[in-house]
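Dear colleague,

Please find the structure below, followed by a summary of what was found in it.

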Amino acid sequence: MQFTDFSKLDLSRLPSPCFVVDEIALERNLSILKQVADASGAKVLAALKAFSMWHFGAKTAQYLNGTCASGLHEAQLGKAHYPGEVHVFSAAYSAADLTQLLTFADHVVFNSSAQWARFQPLIQSARAARPELVFGLRVNPEHSEGGVPIYDPCAPGSRLGIPLSELDQNQLAGISGLHFHTLCEHGFEPLDRTLTAVEERFGHLLSQMSWVNFGGGHHITAPGYNIDGLVERIRAFKAKYQVEVYLEPGEAVAIGAGVLVAEVLDLTFNQLPQAILDTSATCHMPDTLEMPYRADVLGAGQANEKAHTYRLGGMTCLAGDVIGDYSFDQPLQLGQRLIFEDMAHYTMVKTSTFNGTRLPALAVWNSVTDRLEVVKEFSFVDFENRLS
């Protein structure tokens, strides 16, 4: 899915490899999310776990209410670069991390009744210093909509969220909200069904709360999303339970807004033509290995669909560092640049330096004015500083 014609970008102006984000496409997504917030009365947060290019922190704050984080460092990034509320949820907190979080986070959500009870001394001390602190619990409605188990927070045996049977309802003093997160790249209808499950299991508690967080995974900015249905459902939920509603879109913030540009370093042959690139599946596109996901390459087709088929592989020593088999109208050339589409979300946040592989540079492009700025390049120092 791509909202910008990146074929118009002069790739010779870029270092390689390089993530390129179109600020016009990003602003399109942010505008849609703000429209949802304004029409529904919900507050919308940017999920930094999906897209945390803080170059756009101030821009994001013009449209959204703040950020949500999955731990201390993401929360610190949100506080430092994104004006607005800072929410944090973690599957478990260490005492050291929680101590720091309690000094600046606005909402802190716990994953178990046990951690909520265990950290009461820290919580009470922090609340005395900051009475505005808000606390919540993540619940598990035990209602699965995900088709890929690794990304299904409601899969049997999931560690994420508290099932009703494990919720200590005698320990809710000081809890002002409930959080659930069950979706991944889903439309409105799965959320509608999930909300029904939440109400069936936890409805008796909702009227005691002042806010409910619907989590992330909402594909709100994707073509065809039922925005009117979402707005209506949020408004009805708010009216029924008299609560504030939060949404935490991640992918929806950056979907269709960015690409990864890579270069052909070598062309070899072993049963089929091989193209070795200066990018890597394991280092730069791990989802291609972790789940059934195929990255789209601009102008390429499936294997044998076009005249020339190549196996695109990374430059690391991992035998399985293979991005996939793609076909092209013309033979690939050494030094040729390829564009991997829709790479802004859940890609740059997952990069690694296995084998000392260089991290892709970060660039911002304006697809209307053609202004291009390389905002960051990485070097040996970045690899060195990760080790000792």
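**Surface patch**

L289, L318 and F354 make up a nonpolar patch on the surface, with about 250 Å² of accessible area together. Patches consist of residues with over 30% relative accessible area and no salt bridge (a side-chain nitrogen of Lys or Arg within 4 Å of a carboxyl oxygen of Asp or Glu); nonpolar side chains (Val, Leu, Ile, Met, Phe, Trp, Tyr) are joined within 5 Å, like charges within 9 Å. Areas follow the Shrake-Rupley method with a 1.4 Å probe, and only the protein chains shown count as cover for residues. F354 is partly exposed, at a relative accessible area of 37% (buried is under 20%, exposed over 50%, partly exposed in between).

The model is predicted: local features need pLDDT of at least 70, side-chain atom pairs count only at pLDDT 80 or more, and totals for chains, interfaces and linings use all residues. Residues are numbered from 1 along each chain as its sequence is written, and side-chain values use heavy atoms, without hydrogens and water.

**Nonpolar cores**

The largest nonpolar core (buried Ala, Val, Leu, Ile, Met, Phe, Trp, Tyr and Cys joined through side-chain atoms within 4.5 Å) has 92 residues, of which F51, V108, F110, F214, L312 and F340 touch the most other members. Apart from it lies another core of 13 residues, including C18 and W365.

**Cysteines**

There are 0 disulfides (pairs of cysteine sulfur atoms within 2.5 Å). C18 is in none, as the nearest cysteine sulfur, that of C283, is 17 Å away; C18 is buried, with a relative accessible area of 0%.

Yours sincerely

Definitions and conventions:
Buried means under 20% relative accessible area, exposed over 50%, partly exposed in between (1.4 Å probe, protein chains only).
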